[in-house]
Amino acid sequence: MNFPILSTIIFLPLIGSVFIFLSKSQKNNQSAVYVSLFTSLANLFLALFLWYSFDKNLTGFQFIEESIWISGFIKFKLGIDGISILFIILTAFIIPICILSCVNSIKERLKEFLIAILVLETFMIGVFCSLDLVVFYLFFEAGLIPMFLIIGVWGGPKRVYSAFKFFLFTLLGSVLMLVAIIVIFWMTGTTDITQIYEIKIPEEYQYLLWLAFFSSFAVKMPMWPVHTWLPDAHVEAPTAGSVILAAILLKMAGYGFLRFSIPMFPIASEYFVPLIYTLSIIAIIYTSLVALMQEDMKKLIAYSSVAHMGYVTLGIFTFTKQGLEGSIYQMISHGLISAALFLCVGILYDRMHSRLISSYGGVVQYLPKFSLIFIIFILAGLGLPGTSGFLGEFLVLVGTFQKNQLVAVIASIGVILGAAYMLWLAKRVVFGEIKNQEIKSLKDMNFTEAAILTVLALPTIFFGFYPQPLMDTMNVSVNHLLSNYQLDLINHFSNQK
Amino acid sequence: MINDLYILLPEIFLSLSIFSLLMIGVFVKESYDLVTKLSLLVMAITIYILLKDNSSSKIFLDSFIRDPFSNFVKILILVSSIFVLNSSQLFIKDNKLDKFEYPIIILLSILGMFFMVSSNDLILFYLGLELQSLSLYILSAIDRDNLRSTEAGIKYFVLSALSSGLLLYGCSLLYGFTGSTNFNIIANQLNKENIGAVFAMVFILVGLSFKISAVPFHMWTPDVYQGAPTSVTSFFAVAPKVAGLAVLIRFMSVPFENILQEWQTIIIFISIASMILGAVAAIGQNNIKRLMAYSSIGHIGYALAGVATGSISGFSNSIVYITIYVVMNIGAFGCIFMMKKEGKYSEEIKDLSGISKNQPILALALLIILFSLAGIPPLAGFFAKFYIFMSVIESEMYTLAVIGLLTTVISAFYYLRIIKIIYFDEIKIEFDKIKNLNITATVFLSCVILTTFFLYPSLLSGIVIKIFPF
């Protein structure tokens, strides 16, 4: 097994984008579309093959690749465990869907758009594969460039403001993480995270370093009160951009907490639990209320994303098996559901050029197929049992209940609020009277759109009934993470006595 | 004695070539093209001579030093000048600046820089500095029918003369308090109790900060950058900065070695001030040359942050930084040379509006260069900053590191603004499609270096770390 499969997965999209860049521009960019579809599908198969050959019973990292990189002291190290592989598959799964969805909706500069998406895929998979802090930072930050362009070039009327806000917020959070990474390097002599796990960072440094990492992840997550860039970015981004943003980019922060904050700074993680709980609760309740009042469909889904991410942070910081698994599950399922919801809104927008809830109503009478799928995802979004959305939230709440019952009770209110805004959205858009006569002239989904949404709906329902494949994959890694974490804490507190 | 001359061979060759070229220029009519080509040849040969001998030796009563450090800096100066001179050909001809003196003055200023970075003695240092500065005054006013250009020349001359005066005063104080002009003897004589010498250090630092346009001695930079012809500005932005920083590093590590704490405080202040001003003042600029001026002030701030650590790794990372800065600036000015509309060159940022639609390649080049200037990974600019902050944090200067990184966020804003204008805005002016191999090759090379740097980042720092300590 000397074949560098991780590097292949990371750099294949980049190579594809170079081909697209070099290809001659055609009238409808046929070759660019085919090349990008081909590379992204090849990547999906590679990712599935990776899943297949992944040994679920090993605790450590697998498929490790190492090569000397910066002056010999920082290595370009890649590797995956049971948590990261799920995100790699999610990324590889979402990208072809985005490419298919944008072919019709992007009218201008399609070639450049496909290049941006493929480059972004490289960086996103790189984030989930890297086992070195500097490599991680490199990929984490590099993703800003294509996303900035996707929002700014192909976005809506307020795109400039949104793109700047997105870029500067994220950059501001991340530079503090860079300081922390360099501090860790000088403290431990390495940025290889498997070695840092062993070394144990002294307690007095953990708090500040944790906060520095937190500043970056909180912006990316996004957590209240630094979530304000997300609704703007979502509303202005083109559909494919919103899908990537909601489905994958937000997951980087949750993954960052699992991979970096908890194993590297266990004492600080335990210490800051009240902070996380408070912010998560505010995110769940407050943004759900805000989502209720939205008039723009994309904004509503964006705020619901913030609320869902609140469950993720809540679950991660319960440090229970259910909580952690629930969070990971929630991230994967939110990746599917929010992607589908944004695609649904995109389909409506392509026809009506309006995202306002008030311009719709009674869609079900003229777009029955679309309405069916839209309702499936709305129900999945509110966490109906039988969809993957239910299981994540449920496990998180079970985990939280073991640690702090009050928090669990408040968080459960969020579930009700979630049902409220989602169902109200369904009522106003899909059902009800036809207020706008234009709806009567709308055409139902074409084949591509139906295929895309069905492909997304299948795993949503499948994993709602049968979560075992995902759970099996992450089980050993989550156990390993938790037992190490508890061991660290026990060592720390017994030393104190 | 002959051996001494051999060590001085690059300088001797350069001066003899300058005089021969001058003669050619005087006696051959319409000789601009010939002289330029010969100058480029001279620079290439000088690089070859420099590469041949990389040993370390001092000659002429230890006043002149040739070591790997000075060799590296000289080669960097020459390579950047070759690219600048080459890519500015079209601009020079279009603006009727094609006088044969032009390349010769550039060579003269390079000769001055050579002596600067090789000096191990206050007198030689000052002579080299003045030779460089005098050539630069003339260069900035070379478009003598243009009001802006002459104004820039006069302004630069007056302010620079003042700073040279302060510098000279510092040198004389230093001589008075230590009894020697030789760097090594000064280093032995200096210690913290010698207040007079600390004063001298401050004056010298002021003079040097002026030359590399660090805040608060930066006032001339925006005006001169804007006023001087773009071809001259692009030279200003690279070669003198490299030479100035190299000389600063030599001063701090040889004569002022023992008063590290005294100069460290000052450099930290200058560095922070430059980073902040470079980031904030550039936001409101509409002229791209002015913007590049503020951006260069900011970048000098980062390079100085490396110097402020006072460690070998800090110095070498400063050199790495300035090298990458040079690559970015050569590319950026290459793009500015392409902002041409019906034979007239534009300097307004708003004229770049929407060029991504009909000149996608130029837009992409600017995108890469600007993101690299902003220090976003995986481009080379990120690694430059990464190295700097590695050494800053190694020296436990956390405040400097945090302020430095926060200013990168602010400065990211104005680079993003240009990208926004290029990519997001509607098209206003269609620039001519320039098919000039010199410019496109330069920009292309710069972009390739910036994008592929991440594959093997230790290549450059591996070379640079070997030139220390001197």
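How are α7(B) and α12(B) oriented to each other? In this predicted model, helix α7 of chain B, which covers residues 122-140, packs with helix α12 of chain B, residues 230-253, at an angle of about 170°, and the axes of the two helices lie 11 Å apart. Because angles over 145 degrees count as roughly antiparallel, α7(B) and α12(B) are roughly antiparallel to each other. On the side of α7(B), the residues that meet the partner helix are B:F125, B:Q132, B:L136, B:L139 and B:S140, while α12(B) brings B:V232, B:F235, B:F236, B:P240, B:A243 and B:V247 to the contact. Sorted by character, the residues of this contact between α7(B) and α12(B) comprise 9 nonpolar and 2 polar ones, with no charged residue among them.

**The two chains**

The table sets out some overall values for chain A and chain B.

| Chain | Helices and strands | Box of C-alpha atoms along the principal axes | Residues counted as buried |
|---|---|---|---|
| Chain A | 21 helices, 2 strands | roughly 75 × 55 × 40 Å | 59% of 497 residues |
| Chain B | 21 helices, 4 strands | roughly 65 × 60 × 40 Å | 57% of 470 residues |

For chain A, a compact globule of 497 residues would have a radius of gyration near 23 Å, and the 22 Å of chain A agrees with this. In chain B, whose secondary structure comes to 21 helices and 4 strands, the radius of gyration is 21 Å, close to the 23 Å that the globule rule gives for 470 residues, so chain B is as compact as a globular protein of that length.

The contacts within each chain can also be described by how far apart the partners lie in sequence. In chain A, 80% of the contacts with a separation of 6 or more are accounted for by residues 24 or more positions apart. In chain B, among contacts between residues at least 6 apart in sequence, 79% join residues at least 24 apart.

As for the predictor's confidence, chain B has a mean pLDDT of 90, and 100% of the residues of chain B reach 70 or more. The complex is given an ipTM of 0.90 and a pTM of 0.92 by the predictor.

**Where the chains meet**

Between the two chains, 26 residues of chain A are in contact with 24 residues of chain B. On the side of chain A that touches chain B, at least two residues each are supplied by β1 (62-70), α5 (133-142), α6 (144-154) and α7 (159-188) of chain A. Helix α7(A) gives the most to this side of chain A, with 13 residues. The residues of the side of chain A that touches chain B divide into 21 nonpolar, 3 polar and 2 charged.

**A residue of chain B in contact with chain A**

Is B:I376 buried or exposed? B:I376, which is found in the loop between α17 (360-374) and α18 (380-394) of chain B, has 23 other C-beta atoms within 10 Å, and because 20 or more are needed for a residue to count as buried, B:I376 is buried. When its neighbours within four places in sequence are left aside, B:I376 is in contact with A:E141, A:L144 and A:I145 of chain A, and with B:F371 and B:F382 of chain B. By comparison with these contacts, B:G112 is separated from B:I376 by 264 residues in sequence and by 35 Å in space, taken from C-alpha to C-alpha.

Key
Residues numbered from 1 in each chain as written. Chains lettered and ligands numbered in written order. Predicted model: local features only at pLDDT ≥ 70, side-chain atom pairs only at ≥ 80, totals over all residues. Axes fitted to C-alpha atoms, helices over the stretch in contact; angles between N-to-C directions. Parallel < 35°, antiparallel > 145°, perpendicular 65-115°, else oblique. Contact = placed C-beta atoms within 7 Å. Nonpolar A, V, L, I, M, F, W, Y, C, P; charged D, E, K, R; others polar. pLDDT = per-residue confidence, 0-100. Rg over C-alpha atoms; globule rule 2.2 N^0.38 Å. Buried ≥ 20, exposed ≤ 12 C-beta atoms within 10 Å, placed from the backbone.
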